[in-house]
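Here is a quick tour of the structure, heading by heading. Have the viewer open as you read.

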Amino acid sequence: MRQVQNYNIHDILKFQICSDKKFGFRALQNLRFSCFQVEQVEKPDIVLNIGKFTPSNENCYLVDYKYYVRDNYFYCRDSEGKVSWELEIKGLEQGDIIINLHLSKRFHMQPVDLLRIPLFFPQAFLLRIIEHKLSTKGYFLTHSAAVSKDNQAYLLSGRAGSFKTSLCMDFVRRGGFTCLGDDRAILQQDRVFGFPVNSAIFEFMVKRLPDETHFGVQKQVQFVTGYLRGKYGKDRGNGAQSGKLKAMLLITRSNRAKNNKQVNFEPLPQSSLGGIVDSILISNRLEDFSGMGMPGFGISSAPFLRYMLAYSFVFPDSLVATWERDMAGKLRNTLENIPVYMVEIPPDYSPDTFDQIHQFIARNC
Amino acid sequence: MKAVEKHYSIHDIINFKIVNNAGFLSRVLPFWDIELRDFESERKAEPDFTVFLGKFSPKSADCLILDDRFHIKEDYLYCSDSYKWARWQLEMSGFNGGNLEVHISANPFAWMLLPDLIINPLIWFKLNEKGCAIVHGSGVVKNDSAYIFAGRGAAGKTTIALNLVERGFKLLGDHFVVLNNDNVLSFLSPLHIVGFNLTPFVQRRMKARQKILFRLNQLSQKVTGLQFGTKISPKTLLAGLTEDKARLHSVFLLLPRTRFKVEKVSKEEIIAHMIPNQKLESFPFIKYMMEYSYLFPRSNMAGYWTRYEQNLSQALGAAQAFYRVEVPLTYDNETLEEISKLASMR
């Protein structure tokens, strides 16, 4: 039975997830993008079809024995860690994007993987395609958390492990802010649009946990049972919000002895703007290495980055190969009038870290 | 066990030293360094970088921590990493232009891949600093004119090189070549002989032991479905048929598709193809470069790809022609004849 779920991101981009099999946990399948779910969308920009398909990969360039590339088209079979997949993307450069994805079982999958992989893996590819499609429309899906208050938005950018989520939780609970997204946000000029990924999980964490490190197996089970009973993720309002960018913080965890408890702030001068823009773009590409589904899937070789490089190798003038350069120019213009700070936080999270950052924002921004 | 020290040299442009402290692994896997053996040098030149193999204790205090496992400070990076079954720890310091030292501790799976994973990219990194550019492609010479065939896997780089050697050319490298000013320098890493690039010419020159090894690899390929190349040193297999350097004549970019088709292109266009080609070859090392560049976006490390483009642009300035060549998925005599004709044009 075919099952279709529709999503609309701020009317900027619409997409559809179709699967040919009915999953046992239908409610979990849309966990990642639940706050963008709508009843119906007209003309989706992206359609993700999950299930068996017949590829139309004739007349393609063959790269590295396995990537099939043609104008506007990509196909490959690949596997790594616990996952094995077949992927076809049509419309990479123009027209609507159609993704066909088929997952097959591998011998060392555990029962829990049979549940987790179909739920989370396709969404990881989708997220990357959403980033690509948004960029063609002039929007940048940044790997940053975003919080806002009184229509003023602050971006907290940082690699995994820089406690973006924990900080957002405290911004919501103790600072009275709205969380526009604890992992991603959409940036267009100085406008920040919310992009809450897994917003129901975030809601659960805000209500039940002191910080993100406490989200262990027991709490995960607690969340799933609560979610299936409709306790979390009902409020879809926060996805629709936006704010005007006031400041950007680049957060890094540090084990330097001198700032054991102290948070260090260093304003970055305009002269280093080019470097800041590079860092922001590199952070997105590093996500291709670590953000593929979930930890435990065993995927660390950035499959999507390799696919896009294979496409760029054949078509070096294509959008896929050049969008980053164009985006760098746009980001430069945006950040020209926005203060950017390098923030070093202690290795372990404590509410004290939040207090110092909160005070800093109140004082300086 | 006592550490084993070996010196390596690439045209005396890059000298490096490997200090092997992992006695057990190097006894169990004696062929791990086969990729590097032909670069071994008797002369103990001042090394551009030193690799220490074996367990080490990282000096990762006072660092910034990225992705929970990259410890980075100015001129320093430490991480543990894995790919499929391979696991390794890596510590690098001195890559900002000082004394580059690298410590690696690896499990047996990673041990086998060390040259590909880390040591080759380090060579490229140093070449890049010295104004040279590594190119993922094969190269041959005739009358002091070098012809480069760049491309990704499945493009037939080795097939073309071996066939041209049979037609009177000399080999510069079947996997990589180095561009240095107007010259192409050889990079004679072992040939990977697999079923489809084994020509009768090569077969005749193979020793009995290599033939047996090749058959065994073919057999395990049939059983497991994974491709096992038989690694054979070109210096012995093609004795007298290799060359150290020659002047660059033309560059061919190979794109496997349906049938043979040639098109002259500009230098800029060739470079635009060559950069993603080299990036794809640099996994997973490219990740370490990116992690460091995230924190130090204006460092020597972060400038790698810009420099690569500049070095390519300068070196390719001397070439007479650039071709974009579409080739069929499996090579036939006709295609090889056409390519041979192109490479013989003056």
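## Backbone oddities

Start with A:D11, which sits in the loop between β1 (3-9) and β2 (13-19) of chain A. This is a predicted model, so keep that in mind when you look at the torsions. A:D11 is not a glycine, yet its phi is positive, at about 60°. As a rule, most residues other than glycine have a negative phi, and most peptide bonds are trans. A:D11 counts as exposed because just 7 other C-beta atoms lie within 10 Å, and the cut-off for exposed is 12 or fewer.

Chain B has a positive phi of its own at B:K84, about 50°, and this residue is not a glycine either. You'll find B:K84 in the loop between β6 and β7 (86-93) of chain B. Is B:K84 exposed or partly exposed? With 14 other C-beta atoms within 10 Å, B:K84 comes out as partly exposed. Then there's the peptide bond between B:F283 and B:P284, which is cis, with omega at about -5°. B:P284 belongs to the loop between α7 and α8 of chain B.

## Where the chains meet

Next, the contact between the chains. It draws 36 residues from chain B and 35 residues from chain A. On the chain B side, the elements that each put in at least two residues are β4 (64-66), β6 (76-83), β16 (245-257), α7 (267-281) and α8 (285-295). By residue type, the side of chain B that touches chain A splits into 20 nonpolar, 10 charged and 6 polar. The loop with the cis bond at B:P284 runs between α7 and α8 of chain B, and both of these helices are among the contributors to that side.

There's strand pairing across the chains too. Strand β16 (residues 242-254) of chain A is joined to β4(B) by 2 bridges, and the two run antiparallel. Which residue of β4(B) stands opposite A:S254? That would be B:L64.

## Two domains in chain B

Chain B divides into domain 1 (4-129) and domain 2, the latter made of two segments, 133-190 + 233-344. Their C-alpha centres are 25 Å apart. Where they touch, domain 1 of chain B gives 24 residues and domain 2 of chain B gives 25.

On the domain 1 side, β4, β5 (70-73), β6 and α2 (108-129) of chain B are the elements with two or more residues in the contact. The largest share comes from α2(B), with 7 residues. That side of domain 1 is made up of 16 nonpolar, 4 polar and 4 charged residues. Of these elements, β4 and β6 of chain B turn up in two places: they give residues to the side that touches domain 2 of chain B, and they also give residues to the side that touches chain A.

## Chain B as a whole

Zooming out, chain B contains 10 helices and 18 strands. Its C-alpha trace spans about 60 × 45 × 40 Å along the principal axes. How does the radius of gyration of chain B sit against that of a compact globule? It agrees, because a compact globule of 346 residues would be near 20 Å and chain B has 20 Å.

As for packing, 44% of the 346 residues of chain B count as buried. Among contacts in chain B with a separation of 6 or more, 70% come from residues 24 or more positions apart.

Terms used. Residues are numbered from 1 along each chain as its sequence is written. Chains are lettered from A and ligands numbered from 1 in the order in which they are written. This is a predicted model: local features need pLDDT of at least 70, side-chain atom pairs count only at pLDDT 80 or more; totals for chains, interfaces and linings use all residues. Two residues are in contact if their C-beta atoms, placed from the backbone, lie within 7 Å. Helices (H or I, at least four residues) and strands (E, at least two) are DSSP runs, numbered from the N terminus. Ala, Val, Leu, Ile, Met, Phe, Trp, Tyr, Cys and Pro count as nonpolar, Asp, Glu, Lys and Arg as charged, and the others, Gly among them, as polar. Two strands pair if DSSP finds at least two bridges between them. A residue is buried if 20 or more other C-beta atoms lie within 10 Å of its own, exposed if 12 or fewer, and partly exposed in between; C-beta atoms are placed from the backbone. Domain bounds come from an automatic or database domain assignment. The radius of gyration is taken over C-alpha atoms; the globule rule is 2.2 Å times the number of residues to the power 0.38.
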